[in-house]
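Colleague: I should like to go through this structure with you, one topic at a time. Please begin with how the helices pack.

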Amino acid sequence: MKPRIILDSHKFSLTIDRLCHQLIEQHKDFSASCIIGVQPRGVFLAERIHRRLQSILKTKDIAYGKLDITLYRDDFRQKGKPMTTNETDIKFSLEGKNIVLIDDVLYTGRTIRSALDALLDFGRPNDVELLVLIDRRLQRHLPIQAKYVGKVIDSITTEKVKVEWAETDGQDKVWILSEQ
Amino acid sequence: MSALSQKHLIAIKDLQKSDIELIFQTADTFKEVLQRPIKKVPSLRDITIANLFFEDSTRTRISFELAEKRLSADTINFSASGSSVKKGETLLDTVNNILAMKVDMVVMRHSSSGAQSFLSRHIKANIINAGDGTHEHPTQGLLDGYSVREKFGDLKGLNYLIIGDIKHSRVAGSDIPLMHKMGAKVKVCGPPTLIPKHIEELGVTYEPNLKKALEWCDVANVLRIQLERMDIKFIPSLREYSLFYGVNKELLDSISRKIVIMHPGPINRGVELNSDVADSKQSIILQQVENGVAIRMAALYLLADRG
């Protein structure tokens with residue numbers, strides 16, 4: 001099957017706008033909330049949402065951090081070589097905060113499981129919500145659901161979802177590719 | 001994704017530049033972990049590590065143990081005093097007996113140069129050298145390089161001076177190849193009796209005059225006078241050594257540049273280094289100790305996956 005685009009750059013920005021407004025409904029001015037992007041690919045979405053939220057709310061004070069989950073994964077030692085770590089940058093305490101955890105694609109749920117473990121090492125949050133751009137809802141291995149979803153995709157395991165970002169790939173786009 | 005080219009960490013000589021860069025990068029991650037409220041990650045929770053110290057150590061041993069615990073590894077400790085080594089067991093037998101209890105990695109210090117290298121040919125576990133005789137102390141070399149990189153951003157083009165007992169120093173043994181691989185220049189300074197013959201073959205220059213040497217360098221690593229390794233007299237007296245090769249504030253103030261001072265510890269205060277320097281802003285001695293834990297975590301993490 002040919003690769004097909006499921007979100008082009010126009011729909012992409014509409015989706016991000018919608019997600020931001022949904023977040024504002026729930027978190028109001030974000031004074032007790034913060035945004036955490038999961039390394040490496042979730043950070044692009046988190047940065048985009050963070051920037052958009054600050055411009056909608058006309059503020060510069062929304063807390064934002066990056067979380068690397070490599071050291072918390074459940075599949076280390078299965079790949080035969082060490083997984084390269086990324087930067088974790090959370091300059092504030094998560095104690096009592098309402099966290100919006102952000103990743104690009106929700107697939108098996110294992111990344112988010114690791115991320116929840118990692119978050120707890122920074123304090124006890126009041127509440128953690130999950131936001132993803134793409135939810136591949138048929139492939140979950142763990143009971144994990146996102147509260148905010150850009151688009152739901154019913155895809156099969158041999159297909160791959162690829163999220164491209166203007167920052168690194170030239171244009172915002174989401175593809176489905178099938179691997180033979 | 002990258003991996004180390006080696007299964008063991010026995011000598012800096014065996015590493016490639018990319019290995020050192022990977023260890024530094026991974027150490028950045030662990031340095032951040034060490035700033036968290038909960039300074040612990042679960043990544044080595046399936047690994048058991050034996051710390052075999054056939055020679056005394058405080059700093060290195062505590063640093064390795066902390067690094068292992070911060071990675072959630074299980075650890076067992078062994079020291080030669082009060083063990084069956086005294087009853088005449090061979091090194092290989094001792095280690096094989098410990099490994100029979102299902103140990104994945106070995107951190108070892110030994111007074112014979114090459115002990116870890118010998119062992120690596122006979123056992124399956126990953127070995128980290130925590131100092132072998134007068135040969136190498138690779139994690140010290142790595143943490144020295146890492147601390148300098150932290151201070152200057154890059155090692156390339158820096159002038160690195162090592163002062164003191166080069167002959168018996170495994171720190172120098174690891175620092176010299178590390179600095180060369182990372183593009184720094186190395187000079188040594190000390191009494192001629194404590195400088196190995198043919199040192200220039202390592203690409204190192206020798207300067208007998210301390211003040212001239214300090215004038216040349218960006219960083220000076222002051223080594224400890226290791227009286228325990230000197231069965232004959234290499235220097236007339238500690239007082240004379242201190243007079244010619246001791247680093248003090250007055251001397252540092254008399255040179256035209258502001259240099260960074262390092263020391264691998266333990267310091268003989270008033271012999272190779274005066275307190276007015278050791279405790280000054282120019283010294284990064286305590287940063288070295290702090291970075292040691294992150295570097296050792298990185299080495300353990302990267303080797304654990306080499307299987």
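Colleague: At what angle do helix H5 and helix H11 of chain B pack?

Modeller: This is a predicted model, in which local features need pLDDT of at least 70, side-chain atom pairs count only at pLDDT 80 or more, and totals for chains, interfaces and linings use all residues. Residues are numbered from 1 along each chain as its sequence is written, with chains lettered from A and ligands numbered from 1 in the order in which they are written. Helices (H or I, at least four residues) and strands (E, at least two) are DSSP runs numbered from the N terminus, and axes are lines fitted to C-alpha atoms, for helices over the stretch in contact, with angles from 0 to 180 degrees between N-to-C directions. The axes of H5(B), residues 138–152, and H11(B), residues 285–304, lie 8 Å apart, and the packing angle is about 120 degrees.

Colleague: Which class of arrangement does that angle give H5(B) and H11(B)?

Modeller: Angles under 35 degrees count as roughly parallel, over 145 as roughly antiparallel, 65 to 115 as roughly perpendicular and the rest as oblique. The packing angle here is about 120 degrees. H5(B) is therefore, with respect to H11(B), oblique.

Colleague: Which residues of H11(B) make the contact with H5(B)?

Modeller: Two residues are in contact if their C-beta atoms, placed from the backbone, lie within 7 Å. From H5(B) the participants include Leu142(B), Tyr146(B) and Glu150(B). Those of H11(B) are Gln287(B), Gln288(B), Asn291(B), Gly292(B), Ile295(B), Arg296(B) and Ala299(B).

Colleague: How are H1(B) and H5(B) oriented to each other?

Modeller: The axes of H1(B), residues 17–33, and H5(B) come within 11 Å and cross at roughly 65 degrees. The two helices are therefore roughly perpendicular.

Colleague: How many residues of the contact of H1(B) with H5(B) are nonpolar?

Modeller: H1(B) contributes Ile20(B), Ile23(B), Phe24(B) and Ala27(B), while H5(B) contributes Leu142(B), Gly145(B), Tyr146(B) and Arg149(B). Ala, Val, Leu, Ile, Met, Phe, Trp, Tyr, Cys and Pro count as nonpolar, Asp, Glu, Lys and Arg as charged, and the others, Gly among them, as polar. One residue of this contact is polar, one is charged, and the nonpolar ones number six.

Colleague: Which strands stand at the edges of the five-stranded sheet of chain B?

Modeller: Two strands pair if DSSP finds at least two bridges between them. The sheet is open and parallel, in the order E7-E6-E5-E8-E9. Two strands have a single partner each, so one side of each is left without a neighbour in the sheet: E7(B) and E9(B).

Colleague: Which residue of E8(B) stands opposite Ile162(B)?

Modeller: E5(B), residues 159–163, and E8(B), residues 219–222, run parallel and are joined by four bridges. Opposite Ile162(B) stands Asn221(B).

Colleague: In chain A, which residue is the bridge partner of Glu164(A)?

Modeller: Three strands of chain A form an open antiparallel sheet in the order E1-E8-E7. Within this sheet E7(A) and E8(A) pair over six bridges. The partner of Glu164(A) in E8(A) is Lys173(A).

Colleague: How does Asp276(B) count in terms of exposure?

Modeller: Asp276(B) lies in helix H10 of chain B, residues 275–278. A residue is buried if 20 or more other C-beta atoms lie within 10 Å of its own, exposed if 12 or fewer, and partly exposed in between, with C-beta atoms placed from the backbone. Because Asp276(B) has 13 such neighbours, it counts as partly exposed.
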